[in-house]
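Please look over the sequence and the model shown here before reading on. The text is meant to be followed with the structure open.

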Amino acid sequence: MSLPSQEPQAVDPMPPADAEAIKIAAVQAFVEWTRRLPVPPPNPQEFIRSVEPKARGAARIYSTITERQVVWKEGLPQGTPDVTGLRRRPDSVDPWAETHASLRESSLSILACSPCGGSGTVSCSNCSGRAFVGCSNCGGSRKAYGYASNGSRRLMNCRSCNARGVVSCPSCRSGQMNCSTCHGRGREQRWLEFVETVRFDFLVMSEEQELRRLVWTKADMEKDAKLVAEISANGLLTQEKVALHLPENWVREHWEKTQIKLKPRERITSQSFQVFEVPAARISYSIADAPPTTIEFEGQRMLAPPPSADRQFTARGRKVQAMRGLLLALALGIPLLYILRGAYFWNSLLVFMSVFLGASAILADRLVQDWTLGRKGRARSWGIGAAVSALPVTVLAMVAEPSLQDARRHLSEGRLDDAQTELQALGAPESPELQQAWADLHLAHALREQNVDEVVKDALAMAPGAPERAKVEQHLLSLTRQQVVASLERRDVSFASTVLSSAQPVLARSFSGDLGELRGRLHDTAHAACTTDPCRWKALFAAYTAQPTPSRERLLGQLSTALQEQLTPRPRPKAVTLDWVLHLHKTTALATELADTPHDPQVAVLAKQAATWAREERERIPLIGAEREVAISLLQLTASSHPNILSKTTESVALSCELRDGRCVGAYLAGADRESRVLNNLKRTPVTKELLSRVLGHPVELPAPPQPRGGKPPTQTTWKDGRVTLVARWNGIYLMELRIGEVKP
């Protein structure tokens, strides 16, 4: 902070504050201060014993401190001037002896550019000065994948670099580029400049040590103190200027405390010295016969000390708060306890009980407040009121309790919900005195209920072997039979199965024969709705398992014989036709379905054998020479988007089959991953062997890498498998693609 005047300024001293006005302000501040304490008394001024007004002195010094640092600045000169070298060094500059302009003029230096050595050009970082970089399309291998004339994707000469592996560097010309530091000029200029930083310092001094702890002494002193004198200067404020307006003894005692420690490059650029007079008041107070407590209020606003300075009101507030917590816990906890005990207690009695509990808690709180303030007469009146309010609570609590007699009365009158509510309030069904009442309740509810699930719940809630449970089980059997028969007449097998499953846990022990008869009828209905032999076989087997009968055994034998005939392999026709491939697919599907549910061991064995036979027969049919529809079936494709190409892609290998005159004349194998096309690595070798064997119609091993010829490994090998020609393309030891038959490159 800088002030424009160099001369000291004096402020006319204000008259001292009126003592009576200070007392009135201090009492009002005391009242406001007690309101921030826990549980303040309604009239705090009644507890004041004495008020002592007084005044104090304080001073404040503001200082603005500036620090200068010498730093280098860099830039580009105009044209290419001669090199001068460094003309000055930072350590030779006195920061407060020169101006900004003189320092720049005396230190301006022209230097050769360091990165380029003054030439203005540097080697290209992209190509390292070679003027060529590797081709991004082929990665320098001079080969890249492209599409051949027949639409297949294969390895070809790179068109981006014309099979050279490199292209011209796009970032430079002949391996050189302009220097980014000097922009091709070969020169740079440097000069020295001042960098100024400003900090502020202030010091507050007072007559008494306690005054220094107040927040108002660090900021906004004018709100709470009277300004008596102010002295300002642009630069260091001397002791002689201050002594003109302050007592000589005070200056001699305190002036050394106002001095500021400066860093080597710092200087005080302005200072302001202010003298204040601070009003204050000391108040003593006490509750009843307790020893007085004294606190002080400072400033024109009568700023109060923190609440922690209080002892008596705070101790009383803690006692009142502790008692309030106890009363609140009782007023809320007792009704909450009744609510948690169950819906039985959710009635008007609980409402009245809560109201009387709340009134008792409020009256007890008034009792505690007046007792802690020493008003024992009023406290006794509040105590009598609290006791009177607590009497109805006891009476209502006794009336609200449940009874077994009321539960039996509700049960005899048919009010089952009310009886259940009463019993739940009395306790758990496991209680010996409540077991018979709960059993009567479940029996009455079950005989009234027409829902199987609800009757099952009632039965499971009763003790096994009890006479009431036997009646419930008999009712459940009748209800289950009725609903199952009605569902089967509607051909609703799903609902009938759900009903039987629900009744199973209860009826399985006493009525297993009845359950078996009902399940047999259910599976007979499912058998009549089946349209395939496997479905009929499974349904008939389930019916026979539930309830064996001679007719079901005879039908099961007939179906087993028919399924064995369908699973028995038959001779392969002379020509490979679509009907034969479809028959193999059908046999595989039938074997899979029967193997998943092996009810008949002989059928299960035949299903596994048929699945193996169908797979082996399908693998013997070569893709080469197969008709279009046969090839689609062998590859298990749903359709073909290209009239002359069939494609099948696994996770790692892609197979393409070329069609001519409706037949597959050749196949092409390549890696499905664009990042890596190798076919004979650890991941792709098994898949490649499987697809190649499927193309040729018999197991085939992948070719071994070719031996180098003339120091260089060949990029292509050719061999025959019967009448089919195979061509492999290599990149060193890596197999990149396979062509089988008459496929075009």
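What follows is a walk through selected parts of this predicted model, from aromatic pairs to loops and then to helix packing.

Start with the aromatic side chains. The model holds seven aromatic pairs under the ring-centre rule applied here. In one of them, the ring centres of Phe30 and Trp33 lie 6.0 Å apart with the planes at 40 degrees, so this pair is tilted. Phe30 and Trp33 both belong to helix α1 (residues 19-34), and because they are three residues apart there, about one helical turn separates them. Both side chains belong to buried residues: Phe30 and Trp33 are each classed that way.

A second pair, Tyr285 with Phe313, has its ring centres 5.2 Å apart and its planes at 10 degrees, so it counts as stacked. This pair connects distant parts of the chain, with Tyr285 in strand β11 (residues 266-285) and Phe313 in helix α5 (residues 312-340), 28 residues apart. Tyr285 and Phe313 are both buried. The two pairs also belong together, since one aromatic cluster is formed by Phe30, Trp33, Phe47, Tyr285, Phe297 and Phe313.

Next come some loops. Val39 sits in the loop between α1 and β1 (48-75). Its relative accessibility is 11%, and because the cut-off for buried is under 20%, Val39 counts as buried. The backbone at Val39 has a phi near 50 degrees, a positive value in a residue that is not glycine. Most residues other than glycine have a negative phi. A second case is Ala131, with phi near 70 degrees, again positive in a residue other than glycine. Ala131 is located in the loop between β3 (121-123) and β4 (132-134).

Trp96 lies in the loop between β1 and α2 (100-107). Is Trp96 buried or partly exposed? With a relative accessible area of 23%, Trp96 is partly exposed. Setting aside residues up to four places away in sequence, Trp96 touches Thr66, Arg68, Arg265, Glu266 and Arg267. The C-alpha atoms of Trp96 and Glu67 are 9.6 Å apart in space, while the two residues are 29 apart in sequence.

Ser652 offers another loop position, between β13 (645-649) and β14 (653-660). A relative accessible area of 4% makes Ser652 buried. Which residues does Ser652 contact, leaving aside its neighbours within four places in sequence? They are Gly671, Ala672, Asp673, Lys683, Arg684 and Val687.

Now turn to the helices. In helix α9 (residues 416-426), the buried residues are Leu416, Ala419, Glu422, Leu423 and Ala425. The cover over these residues includes α8 (404-412) and α10. After α9 comes Gly427, which has a positive phi near 150 degrees.

Helix α10 (residues 435-448) also packs against helix α11 (residues 452-460), at an angle of about 160 degrees and with the axes 9 Å apart. Angles over 145 degrees count as roughly antiparallel, so α10 is roughly antiparallel to α11. The crossing of α10 and α11 is left-handed. On the α10 side the contact is made by His442, His445 and Ala446, and on the α11 side by Glu454, Val455 and Asp458. By residue class, the contact of α10 with α11 is made up of two nonpolar, two polar and two charged residues.

Another helix pair lies further along the chain: helix α14 (residues 512-529) packs with helix α15 (residues 533-546) at an angle of about 165 degrees, their axes 8 Å apart. That angle makes α14 and α15 roughly antiparallel to each other. The crossing of α14 and α15 is left-handed. From α14, the residues Gly516, Arg519, Gly520, His523, Asp524, Ala526 and His527 take part in the contact. They meet Arg536, Ala539, Leu540, Ala542, Ala543 and Ala546 in α15. The residues of the contact between α14 and α15 comprise six nonpolar, four polar and three charged.

Technical notes. Residues numbered from 1 in each chain as written. Predicted model: local features only at pLDDT ≥ 70, side-chain atom pairs only at ≥ 80, totals over all residues. Heavy atoms only, no water. Axes fitted to C-alpha atoms, helices over the stretch in contact; angles between N-to-C directions. Helix = DSSP H or I, 4+ residues; strand = E, 2+ residues; numbered from the N terminus. Parallel < 35°, antiparallel > 145°, perpendicular 65-115°, else oblique. Left-handed = near helix turned anticlockwise from the far one by under 90°. Contact = heavy atoms within 4.5 Å. Nonpolar A, V, L, I, M, F, W, Y, C, P; charged D, E, K, R; others polar. Phe/Tyr/Trp six-rings, centres within 6.5 Å; stacked < 30°, edge-to-face > 60°. Buried < 20%, exposed > 50% of the residue type's maximum accessible area, 1.4 Å probe, protein only.
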